[in-house]
Amino acid sequence: MNSTRRGLLAGSAALSVLASFPKARAETIQKINATTRVLDVNGKAAKVFGLVGPNGAPGVTLNPGERFAVTVDNQAGTPTIIHWHGQTPDWKQDGFPWPQTPPIAAGASKAYDFAATPGTYWMHSHQGMQEQQLMAAPLIVHDQASLAADTQEVVMLLHDFSFKSPDELLAGVTKQGGMMGGMSMGAGGSMAGMDMSSGNSMSGMNMGSNGSMAGMGMSAGSGMMSMGSGAGMSSADLNDITFDAFLANDRTLNDPDIIRTTASQNVRLRIINGAASTNFWVDLGALNGKVIAVDGHDVVPVSGSRFPLAMAQRVDILLRLPATGAY
């Protein structure tokens, strides 16, 4: 289930928190629009990029066995090329700007067709630093087991956000030197050398005013769940960039998604870290969850209430909400 601006389901418990084709497949082709949009970030307008799927929501969701038969229509006003992170298509469809696979020109389209790997994935630009400006979206591929499960799915795409341009941020980091002195933001938006091991200096990181990952909260009593993030960084963090906000599905904690669930519902959180320069901690607060998949692949389940999430990483957490309340 892709979260909408006010995605609602009836219930009493809730979370506060997304090559060319053979002609025979023409009727199955989905379109992704690479475009620009305007977000409200804590009361201030921000123009960013976006990847809008066929149903008007970010990204694409595929059914079991469905091929990734997609056309990208570039309406962003500038060249772009989209990478299908974690998928394994032929290299010519992988979305990297090799000389043989140049970016999609403004106003042009490019078609893709390959067998999709089931799980939680995402798509993002590999053109310049467009991904840092939110040219990214979920890519969810269901299998028979996930569809058969009595589980409500909630997709969360996390970002760090600044009103400054990526070029200005990179220039500031380069001038600072120190830990980030030799690092650069790659076209995919990730930074090398970040470590999320239990003994490193990231372990005490506080990512929001309430100490939870990206301000994510789930509350009881109102039958609601909201997704959002704290605005600004704790003074104790080790980031080299002070971001203006952290976003969950383009929203901050001041204006979060509200997702209703049925009583005692099992919920599968599909969380994607699309941030350019931030590792997060997923803190479930009073709830206990079970990690059932990492980077799109099933794992031996790990239970807990607090989990690390590195840049570009995905984690699927299964949890059961109490009969009433907001979390």
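## Reading cores, rings and a pocket

Analyst: Lys110 lies over the face of Tyr112, 5.5 Å from the ring centre. The model is predicted, and this contact is a starting point for reading its rings.

User: Which other charged end sits over a ring, and how far from the centre?

Analyst: The charged end of Arg306 is placed over the ring of Trp281, at 4.4 Å from its centre.

User: Tyr112 was named above. Which residues form an aromatic cluster with Tyr112?

Analyst: Phe68, Trp84 and Phe114 join Tyr112 in one aromatic cluster.

User: How many aromatic pairs does a search of the whole structure find?

Analyst: The search finds seven. One of them is Phe96 with Trp98, a tilted pair with 4.7 Å centre to centre and 50° between the planes. Another tilted pair is Phe243 with Phe246, at 6.1 Å and 55°.

User: Are Phe96 and Trp98 buried, partly exposed or exposed, and why?

Analyst: A residue is partly exposed when its relative accessible area falls between the 20% and 50% limits. Phe96 has 33%, so Phe96 is partly exposed. Trp98 has 42%, so Trp98 is partly exposed too.

User: And why do Phe243 and Phe246 count as buried?

Analyst: Buried means under 20% relative accessible area. Phe243 counts as buried because its relative accessibility is 4%. For Phe246 the value is 0%, so Phe246 also counts as buried.

User: What is the general idea behind a nonpolar core?

Analyst: In soluble globular proteins, nonpolar side chains tend to be buried together. In this model the largest nonpolar core has 26 residues. Leu158, Leu269, Ile271, Val282, Leu284, Ile317 and Leu319 have the most contacts inside it.

User: Which elements give two or more residues to this core?

Analyst: Strand 10 (151-161), helix 2 (166-176), strand 13 (245-248), strand 15 (266-273), strand 16 (280-283), strand 19 (306-309) and strand 20 (314-320) do. Another core, of 22 residues, lies apart from it and includes Ile32, Phe68, Ile104 and Met123.

User: What is the volume of the second largest pocket, and which lining residues are closest to its centre?

Analyst: The volume of the second largest pocket is about 270 Å³. It is lined by 18 residues, of which Asp143, Ser146, Arg268, Ile292 and Asp298 are the closest to its centre. By class, the lining has seven nonpolar, five polar and six charged residues.

User: Which elements each supply at least two residues of that lining?

Analyst: Strand 8 (119-125), helix 1 (144-148), strand 10, strand 15, strand 17 (289-294) and strand 20 do. Strand 10, strand 15 and strand 20 also give two or more residues to the largest nonpolar core.

Conventions
Residues are numbered from 1 along each chain as its sequence is written. This is a predicted model: local features need pLDDT of at least 70, side-chain atom pairs count only at pLDDT 80 or more; totals for chains, interfaces and linings use all residues. Side-chain values use heavy atoms; hydrogens and water are left out. A nonpolar core is a set of buried Ala, Val, Leu, Ile, Met, Phe, Trp, Tyr and Cys residues joined through side-chain atoms within 4.5 Å. Buried means under 20% relative accessible area, exposed over 50%, partly exposed in between (1.4 Å probe, protein chains only). Helices (H or I, at least four residues) and strands (E, at least two) are DSSP runs, numbered from the N terminus. Rings of Phe, Tyr and Trp (its six-membered ring) pair if their centres lie within 6.5 Å; planes under 30 degrees apart count as stacked, over 60 as edge-to-face and the rest as tilted. A charge sits over a ring if NZ of Lys or CZ of Arg is within 6 Å of the ring centre and within 35 degrees of the ring normal. On a 1 Å grid over the protein atoms alone, a cavity is a set of points where a 1.4 Å probe fits but cannot get out, and a pocket is an open set with protein on both sides within 12 Å along at least five of seven lines; lining residues have an atom within 4 Å of a point. Grid points are joined across faces, edges and corners, and a volume is the space filled by probe spheres set on the points. Ala, Val, Leu, Ile, Met, Phe, Trp, Tyr, Cys and Pro count as nonpolar, Asp, Glu, Lys and Arg as charged, and the others, Gly among them, as polar.
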